[in-house]
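The exercises below are meant to be worked with the sequence and the coordinates side by side. Try each task before reading its solution.

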Amino acid sequence: MRKLIGFAQALRQDRSGLAVIELAYCFPLLVLTIGYGLEMTNLASVNMRVSQAAMALADNMSRVGMESSLSRVQIRESDVADSFIGMQKQTNGIDLTTRGRVILSSLEQNASGGQWIHWQRCIGSKSATSAYGTQGTGATGTSFAGMGVASARITAPANTAVMFVEVVYDYKPLFTTMFIPARTIRYEASFIVREDRDLTQIYNPSPAAAVYSCTAFSST
């Protein structure tokens, strides 16, 4: 009996396992905090990459074209294809065109001085369309106000074009939706064309390049 009482007293005074017990209590909260932090970091990184991809594509498309001393710069389907391929390489780690949709529009002035979407090219498996209209929107008249939110409307000056890019991307959480729910990320970017561009059409000389029509849904 005396030994049993001594053992009980010694056990009551023993503090060697206190840290382990405290860790066991705190571990679930620690896991939740780390998981949430990782998800927030990943979400911020993906937002930045999608935003940069939209800006880079609009910038690249405002510069490309086949230069000639005899005519204005001509934009070709191969220029669009090359810019899309570059964007895919830039966003390789987030599968932008597999889980998203990229819409490239040439915003110009029509014969009446109004805004119109002369042509559009798209890439991506996600089923999504432009928030402002399809190819040909605003071809006549002046009712089409331009592209972008009303508080920052983008319009094209006369005799040139604005390359307007919309990116719609389905964000997939790292772990589960318990930390951050699945969401759709959307970014827009625009750049005015740098050169004196031939605005009549997109050329496709032989050998013809693939046309990234907005009626097709493909990641390639």
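**Exercise 1. Find how the side chain of Asp196 is paired with that of Arg72, and place both residues in the chain.**

Solution. In this predicted model, the side chains of Asp196 and Arg72 form a salt bridge, with 2.9 Å from N to O. Next, locate the partners: Asp196 belongs to the segment after β6, whereas Arg72 sits in strand β2 (residues 71-74), so that the pair links distant parts of the chain, 124 residues apart. Finally, consider accessibility: Asp196 is partly exposed at 46%, and Arg72 is likewise partly exposed, at 38%.

**Exercise 2. State how many salt bridges the model contains, and describe the one formed by Glu77.**

Solution. Begin with the general principle that side chains of opposite charge can pair when their charged atoms come close. Applying the cut-off of 4 Å between nitrogen and carboxyl oxygen, one arrives at nine salt bridges. Among them, Glu77 pairs with Arg121 at 2.7 Å, N to O, and this pair links distant parts of the chain, since Glu77 lies in helix α3 (residues 77-90) and Arg121 in strand β4, 44 residues apart. Both Glu77 and Arg121 are buried. A further salt bridge joins Asp79 to Arg76, at 2.9 Å from N to O, and here Asp79 is buried, with a relative accessible area of 7%. Lastly, Asp59, Arg63 and Arg194 are connected in a network of salt bridges.

**Exercise 3. Decide whether Arg101 is buried or exposed, and find what its side chain contacts.**

Solution. First place the residue: Arg101 is part of strand β3 (residues 100-109). Arg101 is buried, yet it has no salt bridge, and the nearest side chain of opposite charge, that of Glu166, is 10 Å away. This distance can be set against the 4 Å cut-off for a salt bridge. Then look for a polar partner in the backbone: the oxygen of Gly124 lies 2.8 Å from a polar atom of the Arg101 side chain.

**Exercise 4. Identify the cysteines that form a disulfide, and explain which parts of the chain they tie together.**

Solution. The count comes to one disulfide, and it is formed by Cys122 and Cys214, whose sulfur atoms are 1.9 Å apart, to be judged against a cut-off of 2.5 Å. The link of Cys122 and Cys214 is right-handed, with 80° about the S-S bond. Because Cys122 lies in strand β4 (residues 115-123) and Cys214 in the segment after β6 (183-192), the disulfide ties together parts that are 92 residues apart in sequence. The two ends can also be described by their accessibility: Cys122 is buried at 5%, while Cys214 is partly exposed at 23%.

**Exercise 5. Describe the overall fold in terms of its elements, and what share of the contacts joins residues 24 or more positions apart.**

Solution. Start by counting the elements: the protein has four helices and six strands, which follow the order α-α-β-β-α-α-β-β-β-β from the N terminus on. Then turn to the contacts: among those with a separation of 6 or more, 69% are between residues 24 or more positions apart. One individual example of residues distant in sequence is Pro207 and Ser78, 129 residues apart along the chain, with C-alpha atoms separated by 9.7 Å. Pro207 is in the segment after β6 and is exposed, at 74% relative accessibility. As a last step, consider the surface: of the 220 residues, 37% count as buried, and the protein exposes about 12,600 Å², of which carbon and sulfur atoms supply 58%.

Conventions. Residues numbered from 1 in each chain as written. Predicted model: local features only at pLDDT ≥ 70, side-chain atom pairs only at ≥ 80, totals over all residues. Heavy atoms only, no water. Helix = DSSP H or I, 4+ residues; strand = E, 2+ residues; numbered from the N terminus. Buried < 20%, exposed > 50% of the residue type's maximum accessible area, 1.4 Å probe, protein only. Lys, Arg positive; Asp, Glu negative; His and termini not counted. Polar contact = N/O pair within 3.5 Å; in protein donor to acceptor, adjacent residues only side chain to side chain. Contact = heavy atoms within 4.5 Å. Areas by Shrake-Rupley, 256 points an atom, 1.4 Å probe, with all protein chains shown as cover.
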